[in-house]
Amino acid sequence: GSPRLLDQVVEACLPTHATCVAISGAAAVASAVAAACVEGAGLADLLAAARLGAVAGRARGEWAWGTPLEGRIDLALALVARGKGVQATLADLGSYVGADMLVAESVAAAFGVVALAGGDPMKAVVYAANLGGDTDTMAAIAGAVCGALGGIEAIDPDLLSQVEAANRLDLAGEARAVEAIQTQSR
């Protein structure tokens with residue numbers, strides 16, 4: 001991620017999550033999403049960006065003890081690379097990486113899910129929901145990262161309409177607003 005992206009992550013985190021641990025997690029996610037939005041990006045690009053974001057983010061904010069996120073991301077990716085199948089890998093992610101609300105667990109497990117799903121957002125949210133633990137956080141992270149990579153075409157339109165209706169959301173409108181902000185900042 002760029003220094004500007006990291007500054008924006010820190011600014012967003014400061015009111016409620018000002019520790020280096022929280023900023024590391026937020027920077028990993030933001031860096032992965034930013035990398036996924038680059039033309040021609042692939043899964044390996046966003047996973048590498050997540051790791052770099054985790055390292056850069058840990059250098060910011062108030063010091064707090066926490067397991068370095070990049071090491072847990074490495075562990076999650078190694079577990080996925082073993083190719084033991086979806087259920088066994090989800091069990092391993094839960095057992096060895098963890099699925100609690102700790103950044104080094106939930107964020108790292110989310111990136112394991114991203115890899116396990118091969119960047120498919122629909123698979124990613126289902127896998128994260130079935131992992132156990134902090135499922136909503138992991139599914140939100142994995143779905144956002146994979147969604148940034150695959151675009152709206154990768155999202156089941158029927159499920160998208162159900163989510164929008166149940167939560168009174170206009171996600172297409174939100175996406176246009178974010179795009180307008182991004183275009184203005186260039």
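## Salt bridges, a cavity and a surface patch

Arg82 comes out as partly exposed, its relative accessibility being 47%. That value, like every other one here, comes from a predicted model. The partner of Arg82 is Asp92: the two form a salt bridge in which the closest N and O atoms sit 2.4 Å apart. This pair links distant parts of the chain, with Asp92 in helix α5 (residues 86-97) and Arg82 in the loop between α4 and α5, ten residues away from each other. Asp92 itself is buried, at a relative accessible area of 9%; it makes the buried call because that figure falls under the 20% cut-off.

Asp92 also takes part in a salt bridge with Lys84, where the two side chains meet at 2.9 Å, N to O. Lys84 is partly exposed, and its relative accessible area is 44%. Through shared partners, the salt bridges join Arg82, Lys84 and Asp92 into one network. So on the accessibility scale, a buried Asp92 at 9% is paired with a partly exposed Arg82 at 47% and a partly exposed Lys84 at 44%. The general idea is a familiar one: side chains of opposite charge can pair when their charged atoms come close.

Over the whole structure, the search turns up five salt bridges. Another of them brings together the side chains of Glu70 and Arg58, at 2.5 Å from N to O. Since Glu70 belongs to helix α4 (residues 69-81) and Arg58 to helix α3 (residues 43-58), this pair ties together parts that are twelve residues apart in sequence. As for accessibility, Glu70 is buried, with a relative accessible area of 11%, whereas Arg58 is partly exposed, at 31%.

Arg58 turns up again in the cavity analysis. Searching the whole structure for cavities of 30 Å³ or more gives one hit, and the volume of the largest cavity is about 50 Å³. Its lining is made up of Cys20, Val21, Ser24, Arg58, Gly66, Thr67, Pro68, Leu69 and Val103. Helix α2 (residues 20-36) gives the most to that lining, contributing three residues. By character, the lining residues split into five nonpolar, three polar and one charged.

Moving to the surface, Val163, Leu169 and Leu171 make up a nonpolar patch there, and their accessible area together is about 220 Å². Of these residues, Val163 is part of helix α9 (residues 157-167). Val163 counts as partly exposed because its relative accessibility is 40%, a figure in between the 20% and 50% cut-offs.

The backbone has one more item worth a mention, at Arg168. Its phi is near 50 degrees, which is a positive value in a residue other than glycine. Arg168 is found in the loop between α9 and α10 (171-184). The side of the accessibility scale it falls on is exposed, at a relative accessible area of 81%.

Technical notes
Residues are numbered from 1 along each chain as its sequence is written. This is a predicted model: local features need pLDDT of at least 70, side-chain atom pairs count only at pLDDT 80 or more; totals for chains, interfaces and linings use all residues. Side-chain values use heavy atoms; hydrogens and water are left out. On a 1 Å grid over the protein atoms alone, a cavity is a set of points where a 1.4 Å probe fits but cannot get out, and a pocket is an open set with protein on both sides within 12 Å along at least five of seven lines; lining residues have an atom within 4 Å of a point. Grid points are joined across faces, edges and corners, and a volume is the space filled by probe spheres set on the points. Helices (H or I, at least four residues) and strands (E, at least two) are DSSP runs, numbered from the N terminus. Ala, Val, Leu, Ile, Met, Phe, Trp, Tyr, Cys and Pro count as nonpolar, Asp, Glu, Lys and Arg as charged, and the others, Gly among them, as polar. Patches are made of residues with over 30% relative accessible area and no salt bridge: like charges are joined within 9 Å, nonpolar side chains (Val, Leu, Ile, Met, Phe, Trp, Tyr) within 5 Å. Accessible areas come from the Shrake-Rupley method with a 1.4 Å probe; for residues, only the protein chains shown count as cover. A salt bridge is a side-chain nitrogen of Lys or Arg within 4 Å of a carboxyl oxygen of Asp or Glu. Buried means under 20% relative accessible area, exposed over 50%, partly exposed in between (1.4 Å probe, protein chains only).
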